[in-house]
There are 4 protein chains.
Amino acid sequence: MEKKHEVKTSVKDENLIEKRRHQMIRAAVTLFKEKGFHRATTREIAKEAGFSIGTLYEYIRSKEDVLYLVCDSIYNEVHDKLSQIKLENGTIDDLKNAIRHYYGVIDDMQDEFVVMYQESKSLPKGALDYVLKKELEMMDIFHKILKGCIQTGELELTDAQAKLYAHTLVVQGQMWAFRRWALRKEFTIEQFTELQIEFVLNGMGK
Amino acid sequence: MEKKHEVKTSVKDENLIEKRRHQMIRAAVTLFKEKGFHRATTREIAKEAGFSIGTLYEYIRSKEDVLYLVCDSIYNEVHDKLSQIKLENGTIDDLKNAIRHYYGVIDDMQDEFVVMYQESKSLPKGALDYVLKKELEMMDIFHKILKGCIQTGELELTDAQAKLYAHTLVVQGQMWAFRRWALRKEFTIEQFTELQIEFVLNGMGK
Amino acid sequence: MEKKHEVKTSVKDENLIEKRRHQMIRAAVTLFKEKGFHRATTREIAKEAGFSIGTLYEYIRSKEDVLYLVCDSIYNEVHDKLSQIKLENGTIDDLKNAIRHYYGVIDDMQDEFVVMYQESKSLPKGALDYVLKKELEMMDIFHKILKGCIQTGELELTDAQAKLYAHTLVVQGQMWAFRRWALRKEFTIEQFTELQIEFVLNGMGK
Amino acid sequence: MEKKHEVKTSVKDENLIEKRRHQMIRAAVTLFKEKGFHRATTREIAKEAGFSIGTLYEYIRSKEDVLYLVCDSIYNEVHDKLSQIKLENGTIDDLKNAIRHYYGVIDDMQDEFVVMYQESKSLPKGALDYVLKKELEMMDIFHKILKGCIQTGELELTDAQAKLYAHTLVVQGQMWAFRRWALRKEFTIEQFTELQIEFVLNGMGK
DNA sequence: AATGAATGAGGATTCATTCAT
DNA sequence: GATGAATGAATCCTCATTCAT
């Protein structure tokens, strides 16, 4: 398991670090969403976070660290939320459940998702790898569920298909965040979710 | 129909404009793919294109114009290629055909797609609107095919579904460009295409 | 009264702003005099002022701001100095006094005057208006003195004449700055002053 | 007598040179008045003049040459016009006549005057000297007239006074061009002329 | 003689980062 | 720990000038 990319800080107090980083991430998401990573300045981030540029740099080493913290925090939040899913035992309902949960998370964190996917390419190499790993983890949640369904015979898929469909599920969810400008006019998140569930289950032969 | 966003040039010779812009776009895609729009400098673009910074600015007004030209050219190319599809008369084969064609285009233009979707947010407002319009046009190609199939009774879908699935088809194609890093390990473009076709047709109840 | 054109700064410490701007203005006058506004580069200004280009831009928004600050500071200095004149009660001596004072100021600030009059056309619209207002204020000082003399009967002039002569007094003073290259060979400032006073008083029928 | 500053050209046909330069000067005055020497580009000058940038450079060596040609042409025009004055024999009427003539010229060529005085500092050293010489020549016209009046006893002035007053006459005329923004509201050129003549004659004790 | 495409030095401005207080 | 003034490398863009056609 690759080690987590570390962000150096010169502050000792762990609680303070937690608090400041939280402020920082909130500020950054707001700004990155509005103007993108490159156009948002560190000064603006500090100001929006409620402290000075000097203080910002007490908690990070470089601007890219901010982006990393943003991506990391989003992944963690998503992962936490998805981990709450109670999986039964390889039933289709597990899958439906997971999809509903996942789509709900995406709806809640639309801005964060858009920011993360549009800006993560700006991460330094090491951090990027870490983030791709996280992305795979997310895909893996669905992959596992699908494999569960295969084992119980609820679904008949090759392993390759299971993998592909796991990716597809992840991507179809992200669609809701990325194509808001078009989809919002036609569907509520509930409608979108149910239609996609139907489509996907059909797609997998159910 | 909204007028095309114009890029001013101080050069008069139309052929030359065509030629230089082509060089410019090729260079820009290469660089944007490598380091993104913001990290690529105008000098690098000019150099990669084979002329001087001064010459670059004879053909554009600002760096953002380069990005616009890139996006515009990609859309045009995709649109051209998709327009070559011979549509019969509302058969499922039309749909399969279109998907194969579309996926083929994406495979051919992977870099361009990634660049376009990752950087288009950096376009100035007016150009962004134009590009979103193009995106809708692309979606509309599939929407029309689906409506054709509905009319002939080949598919049974509500209009809302038709629209959503048109988006889904577009997005699932893009997946191939965006998740290369993961999908390439498991599938060839042909495998990917056929699996997705199967999935999608099942999804729509076929 | 029109509000003063404001120059934005990102520095908060008022004393520092005062100090840095003073350095900046001194440097700018030196350079503008030597090579004019357009040929003087911001880097040169910063260097001459004794700080870096980055620091310069902490105290201004654009190069034109420097010019504005120069003009503003000159007007303020002139205005301050002329305000020290003790005006009696509409006597010719008031007028003579004012002229002597004014000519003295011009002699002290020759470079500044030349810079201001040659470069102020490069000010952005808003700042230019503000500066023209200041110019009128200067004219008005003499206009008031003349009106005083008219009321006490010391001078017999129409109001139109008073206004015109006020302009003339201002301009004849500036002459000393602008035609240095010719006048310096023939006169000292004292000679120039006394001759002009004599001429002007005669001109007005005294 | 200093040799006239020469502007190199690669064109042989004298008539053509004359014609093109005339177009060029007209264009330049228009643009310099509007935006100043530095902000007017050579491309704009060429375009306004009705030919291409390449052609412009067939008739000049550098942008500064354009400015020189402008200044030179203005001086020549002024000088020509003032030379038409029929001088009698040292009478005050000669002086009045000259002033009226001069003020008329300034009124006709307001833009040219403003351009010339505001931009001439941008001339290269050699050309600047030539232009200052021209300025002295203009002053000299008045100086001669004054000396004429002194000799006939019409005026009682020291030679120093005669020189100073010659300068003053030149400057007071320019006032009309430079302070248009204020004077125009109060006076017509005729009123201005007559008031200044009265003032000046009084000033010289007449 | 006329044209206009090409050039690249030069200049204004921004902004991540540092460090003394 | 917090602050914010200072720094200067980096970058976009302009425009006078040249030269092949």
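These are my notebook entries on the protein chains and DNA strands of a predicted model.

**Entry 1: how the chains pair**

I began by asking how chain B relates to chain A, and found that a rotation of 180° with 0.0 Å of shift along its axis superposes chain B on chain A, with an RMSD of 0.1 Å. I then looked for the part of chain B that comes closest to this rotation axis, and it is B:Gly203, whose C-alpha lies at 1.9 Å. Because 100% of the interface residues of chain B are also interface residues in chain A, I noted that the copies meet through the same surface.

I turned next to chain C, which can be laid on chain D by a turn of 180° and a shift of 0.1 Å along the axis, the RMSD being 0.1 Å. These two copies are thus related as by a two-fold rotation axis. In chain C the C-alpha nearest that axis belongs to C:Gly203, 1.9 Å away from it, and 100% of the contact residues of chain C recur in chain D, the same surface serving both copies.

I also checked two other pairs of chains. No contact joins chain B and chain C, whose closest C-alpha atoms lie 20 Å apart, and chain A and chain D do not touch either, their nearest C-alpha atoms being 30 Å apart.

**Entry 2: DNA strand E**

Which residues lie closest to DNA strand E? I found 42 residues surrounding the strand, the closest being A:Tyr57, B:Arg20, B:Tyr59, C:Tyr57 and D:Lys12. By class, this surface has 16 nonpolar, 13 polar and 13 charged residues, and its largest share, five residues, comes from H3(B). Of the strand E atoms within 4 Å of the protein, 64% belong to sugar or phosphate, while the rest belong to bases.

I then looked up single atom pairs at this strand. A polar side-chain atom of B:Tyr59 lies 2.5 Å from a phosphate oxygen of DNA strand E, and a backbone N or O atom of D:Ser52 lies 3.3 Å from a phosphate oxygen of the strand. For B:Arg43, by contrast, I recorded a base oxygen of DNA strand E, 3.0 Å from a polar side-chain atom.

**Entry 3: DNA strand F**

Around DNA strand F I again looked for the nearest residues, and of the 42 around it A:Lys12, B:Tyr57, C:Arg20, C:Tyr59 and D:Tyr57 come nearest. The surface near strand F divides by class into 16 nonpolar, 13 polar and 13 charged residues, with H3(C) giving the most, five residues. Sugar or phosphate accounts for 65% of the strand F atoms within 4 Å of the protein, and bases for the rest.

Three atom pairs, all with chain C, went into my notes. The side chain of C:Arg20 has an N or O atom 2.4 Å from a phosphate oxygen of DNA strand F, and the side chain of C:Thr55 has one 2.7 Å from a phosphate oxygen of the strand. A polar backbone atom of C:Gly54 is 3.0 Å from a base nitrogen of DNA strand F.

**Entry 4: two helices of chain A**

Finally I followed helix H1 (residues 14–39) of chain A to its meeting with H2(A), where the axes come within 8 Å and cross at roughly 145°, in a right-handed crossing. Among the H1(A) residues in this contact I noted A:Met24, A:Leu31 and A:Phe32, and H2(A) meets them with A:Glu44, A:Ile45, A:Glu48 and A:Ala49. The residues of the contact divide into seven nonpolar, two polar and four charged.

Note on methods. Residues are numbered from 1 along each chain as its sequence is written. Chains are lettered from A and ligands numbered from 1 in the order in which they are written. This is a predicted model: local features need pLDDT of at least 70, side-chain atom pairs count only at pLDDT 80 or more; totals for chains, interfaces and linings use all residues. Side-chain values use heavy atoms; hydrogens and water are left out. Contact means heavy atoms within 4.5 Å. A residue is near a molecule or strand if one of its heavy atoms lies within 4 Å of it. A polar contact is a pair of N or O atoms within 3.5 Å; within protein, one must be able to donate a hydrogen and the other to accept it, and residues adjacent in sequence count only if both atoms are side-chain atoms. Helices (H or I, at least four residues) and strands (E, at least two) are DSSP runs, numbered from the N terminus. Ala, Val, Leu, Ile, Met, Phe, Trp, Tyr, Cys and Pro count as nonpolar, Asp, Glu, Lys and Arg as charged, and the others, Gly among them, as polar. Copies are superposed by least squares on the C-alpha atoms of residues with pLDDT of at least 70 in both. Axes are lines fitted to C-alpha atoms, for helices over the stretch in contact, and angles run from 0 to 180 degrees between N-to-C directions. A crossing is left-handed if the near helix is turned anticlockwise from the far one by less than a right angle, and right-handed if clockwise.
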